[in-house]
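Student: I would like to learn how to read cysteines and charged pairs in a model. Can we take them in turn?

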Amino acid sequence: MGNRFEYRRPYCEVCGAQGGSYTPDGWVTCLEHFDAPKPERRMFDHVTGEPIDPPS
């Protein structure tokens, strides 16, 4: 059995890199984007790391 960091490890919602840091304003990010300004909407899924389709 893997450790808890290997199971559905969260991805950064800004760049899609593996992250796991939960910001006070509710984002999941990598360390690089923890204190950085956030876009208007999340760009990557926090579970899969896949890009979120832009609104049509």
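**Cysteines and a charged pair**

Tutor: Start with burial. Cys12 has 0% relative accessibility, so Cys12 counts as buried. Keep in mind that this model is predicted.

Student: Which cysteine sulfur is nearest to that of Cys15, and how far away is it?

Tutor: The sulfur of Cys12, at 3.8 Å; Cys15 is in no disulfide.

Student: What is a disulfide in general?

Tutor: A covalent bond between the sulfur atoms of two cysteines. To call one, the two sulfurs must lie within 2.5 Å. By that rule, the count here is zero disulfides. Cys12 is in none, with the sulfur of Cys15 as its nearest cysteine sulfur at 3.8 Å.

Student: Is Cys15 buried or partly exposed?

Tutor: Partly exposed, because its relative accessibility is 32%.

Student: Now the charges. When can side chains of opposite charge pair?

Tutor: When their charged atoms come close. In this predicted model, a search of the whole structure gives one salt bridge.

Student: Which side chains meet in the salt bridge?

Tutor: Those of Arg42 and Glu13, at 2.9 Å from N to O.

Student: Where in the chain are Arg42 and Glu13?

Tutor: In distant parts, 29 residues apart. Glu13 sits in the segment before strand E1 (21-22). Arg42 sits in the segment after strand E2 (28-29).

Student: Is Glu13 buried or exposed?

Tutor: Buried, because its relative accessible area is 6% and the cut-off for buried is under 20%. Arg42 has 31% relative accessibility, so Arg42 counts as partly exposed.

Definitions and conventions. Residues numbered from 1 in each chain as written. Predicted model: local features only at pLDDT ≥ 70, side-chain atom pairs only at ≥ 80, totals over all residues. Heavy atoms only, no water. Buried < 20%, exposed > 50% of the residue type's maximum accessible area, 1.4 Å probe, protein only. Salt bridge = Lys/Arg side-chain N within 4 Å of Asp/Glu carboxyl O. Helix = DSSP H or I, 4+ residues; strand = E, 2+ residues; numbered from the N terminus.
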